[in-house]
Amino acid sequence: MTKLTQNSATQTTYRWPAPAKLNLFLHINRRRDDGYHELQTLFQFIDKCDYLEFKITDSTDIILHSDLNKVVATSDNLILKAAKLLQSETCYQGGAEIWLDKQLPMGGGLGGGSSDAATTLVALNALWKTNLSQNKLAALGLQLGADVPVFIRGFAAFAEGVGEHLQPVELKEKFYLIIVPEVHVSTAEIFNAPNLPRDTKKYSLDNLLQNPWKNDCQNLVINKHPQVAKALDWLIEYAPSRMTGTGACVFAEFENKQQADTVMAALPTDFYGFVAQGLNQSPLSVYLADLN
Ligand SMILES: C[C@](O)(CO)[C@H](O)COP(=O)(O)OP(=O)(O)OC[C@H]1O[C@@H](n2ccc(N)nc2=O)[C@H](O)[C@@H]1O
Ligand SMILES: Nc1ncnc2c1ncn2[C@@H]1O[C@H](COP(=O)(O)OP(=O)(O)OP(=O)(O)O)[C@@H](O)[C@H]1O
């Protein structure tokens, strides 16, 4: 991975990875009084990432250079929210310019926005030397989204609660063929759907690992979005396949890269997909360890 790069303002900066995740299974157990859902899910990272570059500035402004500004309002942008949250929490007196190289599909259940937010918190905490602990960063991250803490912790995990109680797991680092249907699925809309099953019994991790894996949001999303159903119908002919998060991306799992590449080569031209490897350690935590 290239660490040093020349950005558009021709400063030499570091290129921080913000990896995607897969939910290898996702069970919804209960709706809490605050509307959030208790769930049990298995997170693994994949080696496909967004990349962010940061330049520290004397002014307190946080400036993001990205095409994302055209599609996401400043007030919703998770990178800006993360930087401002860290700034106010630590009373840091400077600011930052940030460049985003967006590689991950948005609204696909791959957690790209959450991962960008986590990388922003981790990188600025290092560059600003604000020295917050990982526990504190994870707590700040949870204010931005249920998926942010796992990207800060950086290990594949069994998650409970709303996604913040994390237990490290060692999983096979399989290869995945991921199809990105041309549809944006709103996480809030799926969690608010009246017919979402939200009463799956809670099981122990051992029990969950030994039984077939499923995603409780999948049927609802398939019924709403024929493009997701079509992608899954195609994949399932080749290998065990499911949806990640609240969709729309679906993935098939393979023991080795050659098998995944072979199926990828047969992908119909009206599908977009890619092959990625599952990772038990996040590229962000590897990167941070190398820097130190
Ligand atoms: C579906 C998952 O991706 C599984 O990893 C996550 O649980 C979603 O995490 P996320 O995108 O970070 O979600 P957030 O930004 O925190 O929440 C978006 C919306 O999803 C719903 N939501 C999210 C997480 C959760 N455990 N219960 C919920 O009900 C809430 O309506 C919330 O308004
Ligand atoms: N940096 C960002 N990258 C992507 N989306 C962002 C970002 N900041 C805010 N958003 C908003 O968050 C929404 C969801 O983005 P994201 O790509 O993380 O979805 P997702 O992969 O479905 O996430 P999850 O699996 O966590 O639900 C986007 O549609 C966008 O409006």
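**Two helices, two ligands and two domains**

Helix α2 passes helix α4 in a right-handed crossing, meaning that the near helix is turned clockwise from the far one by less than a right angle. This is a predicted model, in which local features need pLDDT of at least 70 and side-chain atom pairs count only at pLDDT 80 or more, while totals for chains, interfaces and linings use all residues. Residues are numbered from 1 along each chain as its sequence is written, and chains are lettered from A and ligands numbered from 1 in the order in which they are written.

I'll stay with the helix pair for a moment. α4 covers residues 134-144, and α2 packs with α4 at an angle of about 135°, their axes lying 10 Å apart. Axes are lines fitted to C-alpha atoms over the stretch in contact, and angles run from 0 to 180 degrees between N-to-C directions. That angle makes α2 oblique to α4, since angles under 35 degrees count as roughly parallel, over 145 as roughly antiparallel, 65 to 115 as roughly perpendicular and the rest as oblique. Helices here are DSSP runs (H or I, at least four residues), as are strands (E, at least two), numbered from the N terminus.

After α2, in the loop leading to β6 (95-101), sits C91. Its phi is near 55°, positive in a residue that is not glycine. Most residues other than glycine have a negative phi, and most peptide bonds are trans. An exception to the second pattern is the cis bond from G247 to A248, with omega near 10°. A248 belongs to the loop between β10 (241-243) and β11 (250-254).

Now the ligands. Which residues come closest to ligand 1? They are H37, G145, D147, V162 and G245, out of 18 that surround ligand 1; a residue counts if its C-beta atom, placed from the backbone, lies within 6 Å. β3 (16-31), β4 (37-57) and α6 (187-192) each give two or more residues to this shell. The shell has seven nonpolar, ten polar and one charged residues. Asp, Glu, Lys and Arg count as charged, Ala, Val, Leu, Ile, Met, Phe, Trp, Tyr, Cys and Pro as nonpolar, and the others, Gly among them, as polar.

Ligand 2 has 20 residues around it, with L78, G112, G113, D116 and G245 nearest. α2 (78-90) and α3 (112-127) each supply at least two residues of that shell; α3 gives the most, with four. Six of the shell residues are nonpolar, eleven polar and three charged.

Where do the ligands lie relative to the domains? Domain 1 (4-169) and domain 2 (175-279) both give residues to the shell around ligand 1, so ligand 1 lies between them. Both domains also give residues to the shell around ligand 2, so ligand 2 lies between them too. These bounds come from an automatic or database domain assignment.
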